[in-house]
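Let's take a walk through a protein model together. Please have the sequence and the coordinates open side by side as you read.

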Amino acid sequence: MGSKALSEVSLIKQGRYLAPAEMSNAIMPPFTVPVWGANGLLGYAREATYEEAVPLVTCRGNGCGLVQWTNGRANISNNSMAIVPADISDARYLYSTLLAPDLRPVIT
């Protein structure tokens, strides 16, 4: 079986900017959804952009190319890209696959 481009097996979606007023540093209702950014957890938001766990790839900053896992319901900041598999049951496999290559050659 030949290899496929990431875009053939997943949807790659940029996160969105959250203003400081849209987040809390601690879990406190209504801010209960983890916000993931370039280097991990940034805080908590009111709404999720993803209901299921998804792999992320950092797309800005000195951690560019870092692969992360959201562990479930999450909001994704504009410093990361969510890699949403065509079949959500493949999410953990896709995450493991993304950890294998050295992404430094494609980071600009």
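The paragraphs below go from the sheet to the cores, and then to salt bridges, cysteines and two loop residues.

A word on conventions comes before the tour. This is a predicted model, in which local features need pLDDT of at least 70 and side-chain atom pairs count only at pLDDT 80 or more, while totals for chains, interfaces and linings use all residues. Residues are numbered from 1 along each chain as its sequence is written, and side-chain values use heavy atoms, with hydrogens and water left out.

Let's begin with the sheet. Helices (H or I, at least four residues) and strands (E, at least two) are DSSP runs, numbered from the N terminus. Two strands count as paired if DSSP finds at least two bridges between them. Four strands build an open sheet with mixed pairing, in the order β2-β4-β3-β7. Its edges are β2 (23–24) and β7, each of which pairs on one side only.

Follow the sheet from the β2 side. β2 and β4 are antiparallel and share two bridges, with Met-23 opposite Ala-45 in β4. Next, β4 runs antiparallel to β3, and five bridges join them. A hairpin connects β3 to β4 through two residues. On the far side of β3 (residues 33–37), two bridges tie this strand to β7, and here the two run parallel. Trp-36 is a handy landmark: its bridge partner in β4 is Leu-41, and it also stands opposite Ile-76 in β7.

Now turn to the interior. A residue is called buried under 20% relative accessible area, exposed over 50%, and partly exposed in between (1.4 Å probe, protein chains only). A nonpolar core is a set of buried Ala, Val, Leu, Ile, Met, Phe, Trp, Tyr and Cys residues joined through side-chain atoms within 4.5 Å. The largest one has nine residues: Ala-53, Val-57, Val-67, Trp-69, Ile-83, Ala-91, Leu-94, Tyr-95 and Leu-98. β6 and α2 (91–99) are the elements that give two or more residues to this core, and α2 provides the largest share, four residues. A second, separate core has eight residues, among them Val-54, Leu-56, Ala-74 and Ile-76.

How does α2 present its buried residues? Ala-91, Leu-94, Tyr-95 and Leu-98 are the ones buried in this helix. Seen down the axis of α2, the buried residues fall within an arc of 105° (taken from the directions from the helix axis to the C-beta atoms), so they line one face of the helix. Contact means heavy atoms within 4.5 Å. The buried residues of α2 pack against α1 (6–9), β1 (10–14), β5, β6 and β8. From the other side of the core, Ala-53 contacts Trp-69, Thr-70, Asn-71, Gly-72, Ile-88 and Ala-91, leaving aside neighbours within four places in sequence.

What about charged pairs? A salt bridge here is a side-chain nitrogen of Lys or Arg within 4 Å of a carboxyl oxygen of Asp or Glu, and the search of the whole structure finds two. One joins Glu-51 to Arg-73, with the closest N and O atoms 2.8 Å apart. This pair links distant parts of the chain, 22 residues apart: Glu-51 is in the loop between β4 (40–45) and β5 (55–58), and Arg-73 is in the loop between β6 (67–69) and β7 (75–76). The other joins Arg-16 and Glu-22, at 3.2 Å from N to O. Arg-16 is partly exposed at 42% relative accessibility, and Glu-22 is partly exposed at 30%.

The cysteines make a short stop. A disulfide is a pair of cysteine sulfur atoms within 2.5 Å, and the structure holds zero of them. For Cys-59, the nearest cysteine sulfur is that of Cys-64, 6.6 Å away.

Finally, compare two loop residues. Asn-25, in the loop between β2 and β3, is exposed at 76% relative accessibility. Not counting residues up to four places away in sequence, Asn-25 touches Leu-42 and Tyr-44. Ser-77, in the loop between β7 and β8 (80–85), is buried at 5% relative accessibility. On the same counting rule, Ser-77 touches Gly-15, Arg-16, Val-35, Trp-36, Gly-37, Ala-38 and Leu-42.
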